[in-house]
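User: Hey, I've just opened this one and could use a quick tour. Can we start with a term, then go through the parts?
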Amino acid sequence: MQPRNMSMSGVVDLAAVKAAGEAKAKAEQARAESARQAGQGGATGPSAGALPPSALVIDVDEAGFERDVIQLSAEVPVVLDFWAEWCEPCKQLSPLLERLTLEANGRLVLAKVDVDANQMLMQQFGIQGIPAVFAVVAGQALPLFQGAAPEQQIRETLAQLVQVAEERFGIIGVEVDPNAAGAPPVAVSDEVPAGPYDALLEAAVVALDAGDLGGAVQAYKNVLSDDPGNSEAKLGLAQAELLVRVQDMNPQAVRSAAAENPRDPAAQIAAADLDLVGGHVEDAFGRLVDTVRVTFGEDRDAVRLRLLELFEVIGADDPRVSAARTALARVLF
């Protein structure tokens with residue numbers, strides 16, 4: 001199988017400005033909180049202290065994926081190596097990835113996924129064959145290459161990945177101590193407590209129940225202004241903004257316009273909003289991925305950004321979001 005390589009310009013395309021800003025803020029918050037906990041003797045994640053090189057290569061499974069990969073990716077790019085014992089090319093690629101990860105000295109972490117034991121992860125990433133290599137940066141999955149690839153090509157791809165993580169997301173990696181004893185897990189600690197925002201979040205819910213969508217939007221924004229990584233507020237804001245967009249729509253007119261103008265980004269975006277509100281999640285995602293495929297420039301960017309916003313409505317953990325991210329990446333690359 002020939003390698004299917006990733007253009008790093010695609011990483012920038014896939015990482016919308018909004019998502020990048022939030023991810024950068026979340027990464028900075030996680031580092032600050034870990035440093036604070038370290039001063040109190042309570043941190044256990046990467047920022048708690050230097051790690052031994054052996055902790056930069058880990059085995060992950062479905063049960064620990066959120067903790068060991070998604071959360072960790074706020075501090076360091078995580079390279080995913082999908083492999084199997086019976087895969088001969090994997091036996092050549094995996095050791096190479098391990099060596100390059102160690103050479104990166106904390107700017108990367110390699111997470112190895114045995115596809116035989118983790119079929120769901122393989123399906124969520126849309127993998128058709130192995131070896132397959134992805135990266136997760138600030139919670140976003142990005143395909144790197146599939147099949148065998150020359151060492152120099154892999155080096156260049158990983159170097160660009162590190163550069164994008166630093167420049168776009170402010171993710172600088174973890175500290176490594178070659179003399180450190182033991183191999184503590186690289187995974188970050190449990191999510192940082194959101195802080196005393198219960199009253200604001202409750203106010204947003206009350207506003208939603210009362211039909212005050214503007215009040216709900218503002219309440220969620222108030223939380224995020226102080227705590228950009230607050231997952232509950234991000235989800236609530238995305239949902240409230242979606243309701244604001246569709247409240248005055250004429251569904252019949254919107255769907256007619258979308259059917260008559262399959263390449264019109266505004267028409268397809270409006271129809272996708274209606275799809276999602278109606279519970280047709282995969283239809284909404286598929287519509288926008290198809291529109292990205294046939295549009296260019298600012299039109300394509302507008303559609304892509306709306307798709308990323310709809311991902312926020314559903315939540316990153318939903319397998320339909322993972323599948324749509326993979327489909328979007330294939331269109332962009």
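Analyst: Sure, a term to begin with: a salt bridge here is a side-chain nitrogen of Lys or Arg within 4 Å of a carboxyl oxygen of Asp or Glu. This is a predicted model, where local features need pLDDT of at least 70 and side-chain atom pairs count only at pLDDT 80 or more, while totals for chains, interfaces and linings use all residues. Residues are numbered from 1 along each chain as its sequence is written, and side-chain values use heavy atoms, with hydrogens and water left out.

User: OK, how many salt bridges does that rule give?
Analyst: The count comes to 16 salt bridges. One of them joins arginine 245 and aspartate 273, with the closest N and O atoms 2.8 Å apart. Arginine 245 is in helix α9 (residues 231-246) and aspartate 273 in helix α11 (residues 265-277), so the pair ties together parts 28 residues apart in sequence. Helices are DSSP runs of H or I with at least four residues, strands are runs of E with at least two, and numbering goes from the N terminus.

User: Is aspartate 273 buried or exposed?
Analyst: Aspartate 273 counts as buried, at 1% relative accessibility. Arginine 245 counts as partly exposed at 24%. For the cut-offs, buried means under 20% relative accessible area, exposed means over 50%, and partly exposed is in between (1.4 Å probe, protein chains only).

User: Which residues are linked in a network of salt bridges?
Analyst: Arg99, Glu103, Glu151 and Arg155 are. Arginine 99 meets glutamate 103 at 3.6 Å, N to O. Those two are four residues apart in helix α4, which means about one helical turn separates them. Arginine 155 pairs with glutamate 151, their closest N and O atoms being 3.2 Å apart, and this pair is also separated by about one helical turn, being four residues apart in helix α6.

User: And how accessible are those four?
Analyst: Arginine 99 is partly exposed at 37% relative accessibility, and glutamate 103 is partly exposed at 42%. Arginine 155 is partly exposed at 30%, as is glutamate 151 at 31%.

User: Switching topic: what's the strand order in the sheet?
Analyst: The order is β1-β3-β2-β4-β5, five strands in an open sheet with mixed pairing. β1 (57-59) and β5 stand at the edges with a single partner strand each, so one side of each has no neighbour in the sheet. The twist averages 25 degrees from one strand to the next. Two strands count as paired if DSSP finds at least two bridges between them.

User: What packs on that sheet?
Analyst: Helix α4 (residues 88-104) does, touching β1, β2 (78-83), β3 (109-114), β4 and β5. Its direction makes about 155 degrees with that of β3. Then there's helix α6 (residues 151-169), which lies across β2, β4 and β5 and runs at about 165 degrees to β5. Contact means heavy atoms within 4.5 Å; axes are lines fitted to C-alpha atoms, for helices over the stretch in contact, and angles run from 0 to 180 degrees between N-to-C directions.

User: Tell me about β5. Why is it largely enclosed?
Analyst: Seven of the seven residues of β5 (residues 140-146) are buried, so the rest of the structure largely encloses that strand. Six bridges join β5 to β4 (residues 132-137), and the two run antiparallel. For instance, alanine 132 has glutamine 146 in β5 as its bridge partner. The two strands form a hairpin with two residues between them, and alanine 138 in the turn has a positive phi of about 50 degrees.

User: Where's the disulfide?
Analyst: Cysteine 87 is joined to cysteine 90, S to S 2.3 Å. The rule asks for cysteine sulfur atoms within 2.5 Å, and the count comes to one disulfide. The torsion about that S-S bond is about 80 degrees, so the disulfide is right-handed. Both cysteine 87 and cysteine 90 are buried.

User: Last one: which parts have pLDDT under 50?
Analyst: pLDDT, the predictor's confidence in each residue from 0 to 100, stays under 50 over residues 40-48 and over residues 182-195. The model has 22 contacts beyond four places in sequence for residues 40-48, and 38 for residues 182-195. Where pLDDT is low, the predicted coordinates should not be read in detail. The chain averages a pLDDT of 79, and 79% of the residues score at least 70.
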